[in-house]
Amino acid sequence: MSTTEVENYPGFPEGVTGPELMERMRQQALRWGAELYEEDVVSVDFSKRPFEIKSEDRTMRANAIILATGATAKRLRIPSEEKFWSKGISACAICDGASPAFAQKELAVVGGGDSACEEAIYLTKYASKVHLLVRGEEMRASKAMRDRVLDSSDVIVHYNTSVEDAAGNAQGFLESLKLVNTKTNESIPEPLKVAGMFYGIGHTPNTKFLDSQLGTDEDGFIIVSDHDKTSTSVEGVFSAGDVHDKEWRQAITAAGSGCQAAISTERYLQMNKLLKEVKMMDTKDAKEEIEAAKKKEAEAPKKKTHEPAIDADNFDIDRQKHQGQYALRKLYHESPRPLVVMYTSPTCGPCKRLKPMLSTVLDEYEKSIHYVEIDIAKDPEIAESAGIMGTPCVQVFKDKARVAVINGVKMKSEYRKILSEQLIESSAA
Ligand code: NDP
């Protein structure tokens, strides 16, 4: 979930953060006997029964499947988008807005829907001013959202405006936008000086891995039956949340859709005599298990995906995983191993997804690679000098030279490939 604060989830009168809500749901699923594997599915085969699901690490078979892969933010695809991607252009204000490079700078958000308005309001926490670039005569966002934007003295709305291209400074970071008046189709002579541009122009469903085995609409959203809003064109395959829902896209509507899909799946399995009961953990046992897991995590820092802040008293170069700028400086200067640095921010949902994944990959290189996690909110000067404009960002260093930069969340194989290449080069040298 990429939303930071969820204010409209029933049962949380004081609001809840997206990552906390996800963690609570995870624990609840475990209590009910779910087994979780955090890895990317690369392909599915719906022509076989049971269905086959392949990830990089395993092949699984299932009598029924619920697809809940969500949707990914769209990009504008202006000519210099790649050049300034993660160097000022971003599709996630929530993940990247806290970057020190944006602090007290003028920023732009593109779009006129609820997402763009939400991003613009969020960015006012960090920016000196936010320009909302709306291509039409008016915003399509809900009245409540529009009003929040229009009531904010920190947001300037530019109607009938679209972005033609971007230009950068000598360091290669975004500096200004070339705008077009969509009414006259003429370029606006004065470039808009901004340090960041964030897209809020809608989403594309994550359905590519399905390889056209299911009915989707022209935008790739899964088509669900009118009758239960969760059955797909393949019997036994169900859909939940944003992967089919273009309209509501709220945590609560996605959760409701997940519940519908689960009930439909249970009915399907029962009707086909495929249902197998999984014993629910006793509430007391579950609580004890969660408490025991928390205690174990606190007592075993070596096994955690991120380590407590390191200083001169507790720095241990033999340990693989570290956290904070002290460890980064020590390892950068003293480690003979390739060094992986992951930049995160506290509000970044994708960071929460990447941490355990990367940790599993790093476990395979326990004695040969060092790792440091830098929270850009805690160590903004480090993030600034590393040119971090978005999280998660993974940088790999060897012999004090930066040899790789990976922005966002990629497949495990991509991290493995880069780390293995560095180790092969090290042993060949
Ligand atoms: P929408 O599809 O609603 O809005 C997309 C916006 O981007 C529109 O203003 C559209 O312009 C603009 N746009 C699209 N393509 C381009 C382009 N190439 N150049 C410039 N502008 C472009 O997407 P959202 O993600 O905002 O919202 C999707 C759904 O999620 C909605 O139902 C919304 O209510 C919900 N939502 C609710 C939130 C909340 O209540 N907290 C928060 C976020 C989303 P145009 O209008 O001209 O087509």
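## Around the ligand

A polar atom in the side chain of Arg140 sits 2.5 Å from one of the ligand's oxygen atoms. Keep in mind as you look around that this is a predicted model. Taken alone, the ligand would expose 920 Å², and the protein buries 74% of that. Arg135 also reaches in with its side chain, where an N or O atom is 3.0 Å from an oxygen atom of the ligand. Gly112 does the job with its backbone instead: an N or O atom there lies 2.9 Å from a ligand oxygen.

Step back a little and you'll find 18 residues surrounding the ligand. Arg140 is among the closest, along with Asp114, Ser115, Glu247 and Arg249. Sorted by class, the shell is made of eight polar, six charged and four nonpolar residues. Helix α4, which covers residues 114-123, supplies the largest share of that shell, with three residues.

## Salt bridges across the chain

Now for the charged pairs. The structure holds 24 salt bridges, and a few of them are worth a visit. Start with Asp57 and Lys412, whose side chains meet at 2.8 Å, N to O. Asp57 belongs to the loop between β4 (51-55) and β5 (59-62), while Lys412 is in helix α11 (residues 412-428), so this bridge ties together parts that are 355 residues apart in sequence. The two partners are covered to differing degrees: Asp57 has 33% relative accessibility and counts as partly exposed, whereas Lys412, at 6%, counts as buried.

Helix α11 turns up again with Arg416, which makes a salt bridge with Glu364 through their side chains (3.0 Å, N to O). This pair links distant parts of the chain too, since Glu364 lies in the loop between α9 and β21, 52 residues from Arg416. Glu364 is partly exposed, because its relative accessibility is 44%. Both of these pairs belong to a bigger picture: Asp57, Lys412, Arg416 and Glu364 are linked with Glu39 and Arg58 in a network of salt bridges.

## A buried pair

What do the side chains of Glu373 and Lys355 form where they meet? They form a salt bridge, at 3.3 Å from N to O. Glu373 is in strand β21 (residues 370-375) and Lys355 in helix α9 (residues 349-363), so the bridge ties together parts 18 residues apart in sequence.

Are these two residues buried or exposed? Glu373 is buried, with a relative accessible area of just 2%. Lys355 counts as buried as well, at 14% relative accessibility, because the cut-off for buried is under 20%.

## The cysteines

How many disulfides does the structure hold? There is one, and it joins Cys348 to Cys351, with their sulfur atoms 2.2 Å apart. A disulfide is a covalent bond between two cysteine sulfurs. The link between Cys348 and Cys351 is right-handed, with 90 degrees about the S-S bond. Both Cys348 and Cys351 are buried.

Cys117, by contrast, is in no disulfide: the nearest cysteine sulfur belongs to Cys92 and is 16 Å away. Cys117 counts as buried, with 0% relative accessibility. Cys259, on the other hand, is partly exposed, with a relative accessible area of 45%.

Terms used:
Residues numbered from 1 in each chain as written. Predicted model: local features only at pLDDT ≥ 70, side-chain atom pairs only at ≥ 80, totals over all residues. Heavy atoms only, no water. Near = heavy atom within 4 Å. Polar contact = N/O pair within 3.5 Å; in protein donor to acceptor, adjacent residues only side chain to side chain. Areas by Shrake-Rupley, 256 points an atom, 1.4 Å probe, with all protein chains shown as cover. Helix = DSSP H or I, 4+ residues; strand = E, 2+ residues; numbered from the N terminus. Nonpolar A, V, L, I, M, F, W, Y, C, P; charged D, E, K, R; others polar. Salt bridge = Lys/Arg side-chain N within 4 Å of Asp/Glu carboxyl O. Buried < 20%, exposed > 50% of the residue type's maximum accessible area, 1.4 Å probe, protein only. Disulfide = S-S within 2.5 Å.
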